[in-house]
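User: Could you walk me through this structure?

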Amino acid sequence: MSAPSLIPADAPGLARAAEILRSGGLVAFPTETVYGLGADATDETAVAKIYEAKGRPRFNPLISHVADAEAAFALGLFDQRARAVAEAFWPGPLSIVVKRAPDCPIAWLTSAGLDRIALRVPAHPVARELLRQTARPIAAPSANRSGRISPTAAEHVAAELGTRVDLILDAGPCAVGIESTVVDLSGARPVLLRPGGITREELAEVAGEIERPQDPGAEAPLVSPGMLSSHYAPDCAVRLNAETSREGEVHLGFGAAMAPGGLNLSPAGDLVEAAANLFGMLRRLDGRGAKGIAVAPIPERGLGVAINDRLRRAAAPR
Ligand code: TXA
Ligand code: MG
């Protein structure tokens with residue numbers, strides 16, 4: 001990857017950024033909360049590059065940004081309450097978690113394998129114009145290296161991500177400066193997953209009573225970041241470091257380790273390709289009704305760290 005250009009978010013800059021996004025590249029762009037590290041949310045490989053650039057040791061589900069509420073309603077299942085919340089707070093610093101619509105094109109890696117997706121319509125005019133021109137949902141976590149603070153200016157992004165991003169759109173400092181509020185509206189009761197730019201009280205006025213994930217007795221599933229239950233797990237057993245499969249198992253291969261009839265995360269041994277294939281292939285193998293999935297060894301470097309983290313969780317006793 002050549003050196004990133006930090007370019008003004010004017011008409012030529014926006015056109016170039018949209019073109020890069022549409023061809024599977026990474027673009028850092030301003031939102032009203034923080035700068036985001038964006039990729040085409042429907043492109044598994046482009047999304048894998050986000051995790052690689054951030055150096056995230058695990059796959060957390062990412063927010064998909066869209067140009068308007070109508071685009072969001074086409075991707076996720078919004079009931080009356082979710083629509084009311086969307087109409088009250090979008091565009092703005094609120095991300096709404098809903099179930100995927102049938103045939104939702106959001107990549108499995110974007111939602112870390114989950115059947116729920118987080119959607120947001122940002123208010124920043126540059127973000128909105130970029131989304132309009134790209135005409136695809138854009139997955140974007142904050143544009144910092146994993147474990148570091150979120151960038152609220154283009155220079156922070158350049159310092160954090162350097163050459164790991166194809167282009168940085170500079171539109172000055174962010175107005176809100178903290179990340180969006182994340183609310184899960186996929187269940188019976190709204191659950192606040194992350195406090196942020198919209199307060200709990202503001203939300204409650206439209207959504208009704210809101211659960212905190214840690215509320216004792218909360219009926220809603222626990223889905224906050226990093227929690228085991230927020231991760232997709234196959235129904236069948238998972239066995240790791242398996243060069244080949246045993247009777248009754250299907251094999252998830254990597255590189256040369258590949259049993260007949262299985263699927264291969266990356267015949268070439270490419271970790272970006274493997275990350276891009278991970279959740280989709282686990283789902284396909286899980287759907288075959290085998291006794292178990294045997295997974296080839298994955299090297300513990302680069303994206304392999306996040307892949308192995310995910311696989312260890314899938315293989316842990318449940
Ligand atoms: O303000 C923001 O939200 C910024 C700007 C760029 O939009 N983005 C951001 O993304 O902060 P990120 O990836 O750092 O945070 C995503 C949050 C995490 O807490 C994640 O667990 C939650 O959203 N999330 C995303 N998808 C989810 C899902 N399907 N289910 C549950 N939580 C989800
Ligand atoms: Mg972040």
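Analyst: Some ground rules come before a ligand and then a helix. This is a predicted model, where local features need pLDDT of at least 70 and side-chain atom pairs count only at pLDDT 80 or more, while totals for chains, interfaces and linings use all residues. Residues are numbered from 1 along each chain as its sequence is written, chains are lettered from A and ligands numbered from 1 in the order in which they are written, and side-chain values use heavy atoms, with hydrogens and water left out.

User: Which residues come nearest to ligand 1?

Analyst: Of the 24 residues around ligand 1 (a heavy atom within 4 Å), the nearest are T33, H65, R116, S180 and R194.

User: And how far is the polar side-chain atom of S180 from an oxygen atom of the ligand?

Analyst: That distance is 2.6 Å for S180, and for a polar side-chain atom of R194 the distance to a ligand 1 oxygen is 2.9 Å; polar contacts here are pairs of N or O atoms within 3.5 Å.

User: What kinds of residues make up the shell?

Analyst: The shell around ligand 1 divides into 14 nonpolar, five polar and five charged residues.

User: Switching to helix α4, which residues are buried there?

Analyst: In α4, which spans residues 80–89, the buried ones (under 20% relative accessible area, 1.4 Å probe, protein chains only) are R81, A82, V85, A86 and F89. Down the helix axis these buried residues fall within an arc of 135°, so they line one face of α4.

User: What's on the face turned away?

Analyst: That face of α4 carries Q80 and E87, which are exposed, meaning over 50% relative accessible area.

Conventions
Helix = DSSP H or I, 4+ residues; strand = E, 2+ residues; numbered from the N terminus. Arc of directions from axis to C-beta. Polar contact = N/O pair within 3.5 Å; in protein donor to acceptor, adjacent residues only side chain to side chain. Nonpolar A, V, L, I, M, F, W, Y, C, P; charged D, E, K, R; others polar.
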